[in-house]
Amino acid sequence: MSAPWRRWRRRPWSTADAILCCALGLGLAAAFVGPAAKDAATLHRPSSLPSRARGGDSDSQSSLALSVLIAGAGPSGLLLAHRLLSAGASVHLVEGRRDPRTDKSLEGRAYALGLGIRGRTAIRTAGEKLWASIKPSGFASERFKLHFSPTFAIDLRTPEDNNGLEPSLLIYQSDLCSAMLDELEASFSGSGRLQISFETRLKSADPVSGSAVLQSGEELEELPPVDVIAGCDGVNSAVRASIASACPGFKAEQTPLPGSLKVLRFPQMPEKLDPTAVHAIPGKSGTSAFVEPTARGGCALINWRDAKDPETGPSLGDLVDPTEAQEALEAYFPLIADALDAESAKQFVAQKASRASIVKCNTYSFGRAVLLGDAAHSTGGASGQGCNSALQDSVVLAELLQKEVGTGRDVEEALALYSKKQVPEGHALLDLSLGPGETAGPVRRALYGATSFVGTLLSKLGLGEPPLQTVLTTSLTSFSEIRRDRDLYFGAFPSQAEFESEIERATA
Ligand SMILES: Cc1cc2nc3c(=O)[nH]c(=O)nc-3n(C[C@H](O)[C@H](O)[C@H](O)COP(=O)(O)OP(=O)(O)OC[C@H]3O[C@@H](n4cnc5c(N)ncnc54)[C@H](O)[C@@H]3O)c2cc1C
């Protein structure tokens, strides 16, 4: 009897599959629960920062007198470090995993992400030099194709939709972080205000006193209080957990999404695909592939639903034999079959599957602790804005601290202002990424689905506004404004005053 996936090849792709892929797969702004680094050897020994350090080196143009502990050297933590160090603050950056520049396993961060106008603009606020150091590690693309079958695809985004803007930069998360780390060290390692500790986790923190405990291997280190503890530590944030224990009014939802993901890396883009475009390819039985060109060949994010389909056999995640995995992937995704080989199949089975989660919080700050990026608002899919919005958070926080604390305001008040500005953005992005929820009711949901689909087709004829994905990627309009424009489908979005009073109530 033939293996079950051989039968899948014969099934046509349905429009429903294509729309589902479009809804769930575009950009994959998901945060996936990645495995922790195994080797706990410390590369740089942490030591404590002076509290209320005065940034006094002669090079700094300003002197933001703050000591900041940043948990997580992902995109948000690294950009925040750049911005605060430029402003004169002292920064201790702790990262649970190994240095991405020397870590060859790259488990959990070997995926490509797309930096649109939001991310690029945010990075550029730290200086054109930083952007120039990142750009060569990425691949510029302004094409997005949605495939309905192996022979039929539509262009969801073309250079014409870009209105003369710089194209999106497709870049491995590890390459982005490596370039930002190189530049951080080149600019600030001589300042005496930067300390980086890899393979060191923030274990716990006290948002009220500003103290924290770090863990490196078996070793624990208690740090004296700092002015700000920045939670840039992703979906499973320890800083968020510390706020939850200290603040009775804090509400945080972390919801795992159904489905799993693995990443395939190819030396070249598959021959049947436009090598300059991003491709959303629905497969059979709820699978989808999201294939992107990068500066180092192609990257495919393979998604599948975990539930076993009795008709189709084991899910992709259950396959342990590389030959079987290669056959299954070829059958699911004929368009990428030529790029699959024994090596990529081995890579696939050796990898631990990741799962996306949604994170939603009612405040992003309490006391001296503050949340950014995925730690505050992971969207778990769809909009390709996770990294872009994380970078925006870093800019907003750094600028508020510089402006408010620089002019004598209390740090905690400045953090509360950040929360009031960014919570509406995080909630709006979540709505836009997931579409109208149960509370919107079936009529609005159906209307939204139909309008999005028809709107996308009309926009291809030059009628109406571009698809939401294009608006998010190519405009700097705030997420709340884009969300409020869609009240008809989602229901009313809370006003700024309502957000503010909820934050005040939660943190009182
Ligand atoms: C497959 C995939 C595709 C994606 N595609 C896109 C895209 O196209 N566009 C886009 O904008 N976004 C995309 N995203 C989302 C994007 O990667 C995230 O939103 C973004 O990385 C969030 O940045 P961050 O700095 O907040 O968190 P992270 O990137 O998650 O970084 C958090 C860091 O904190 C470290 N850490 C965790 N806990 C601790 C601790 N206790 N102590 C110290 N360190 C800790 C982690 O090791 C990690 O390095 C994608 C995500 C995935 C998984």
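This report walks through a predicted model, taking in its largest cavity, a six-stranded sheet and one exposed lysine.

## Ground rules

Residues are numbered from 1 along each chain as its sequence is written, and side-chain values use heavy atoms, with hydrogens and water left out. The model is predicted, so to speak of local features a pLDDT of at least 70 is needed, and side-chain atom pairs count only at pLDDT 80 or more, while totals for chains, interfaces and linings use all residues.

## The largest cavity

Searching the whole structure turns up two cavities of 30 Å³ or more. (A cavity is a set of points, on a 1 Å grid over the protein atoms alone, where a 1.4 Å probe fits but cannot get out; lining residues have an atom within 4 Å of a point.) The largest cavity holds about 230 Å³ of space, a volume being the space filled by probe spheres set on the points, with grid points joined across faces, edges and corners.

The lining of this largest cavity has 21 residues, and Gly114, Arg157, Ser168, Leu170 and Gln469 are the closest to its centre. Elements giving two or more residues to that lining include β8 (168–172) and α13 (468–474), but the largest share, four residues, comes from β4. Here helices (H or I, at least four residues) and strands (E, at least two) are DSSP runs, numbered from the N terminus.

## A six-stranded sheet

Now for an open sheet with mixed pairing: its six strands come in the order β9-β3-β2-β13-β21-β20. Two strands pair if DSSP finds at least two bridges between them. At the edges stand β9 (194–197) and β20 (365–366); each has a single partner strand, so one side of each lacks a neighbour in the sheet.

Look at β13 (residues 228–231) next. Four bridges join β13 to β2 (residues 67–71), running parallel, and Val68 sits opposite Val228 in β13. Three bridges join β13 to β21 (residues 369–371), also parallel, with Val370 in β21 as the bridge partner of Ala230.

In a regular strand, side chains alternate between the two faces of the sheet. Both faces of β13 are covered: Val228 and Ala230 on one side, and Ile229 and Gly231 on the other, are all buried (under 20% relative accessible area, with a 1.4 Å probe and protein chains only; exposed means over 50%, partly exposed in between).

## An exposed lysine

Lys352 belongs to the loop between α9 (342–350) and β19 (356–361). Its relative accessible area is 53%, so Lys352 counts as exposed. Ser260 is 92 residues from Lys352 in sequence, and their C-alpha atoms are 9.8 Å apart in space.

How values were computed. On a 1 Å grid over the protein atoms alone, a cavity is a set of points where a 1.4 Å probe fits but cannot get out, and a pocket is an open set with protein on both sides within 12 Å along at least five of seven lines; lining residues have an atom within 4 Å of a point.
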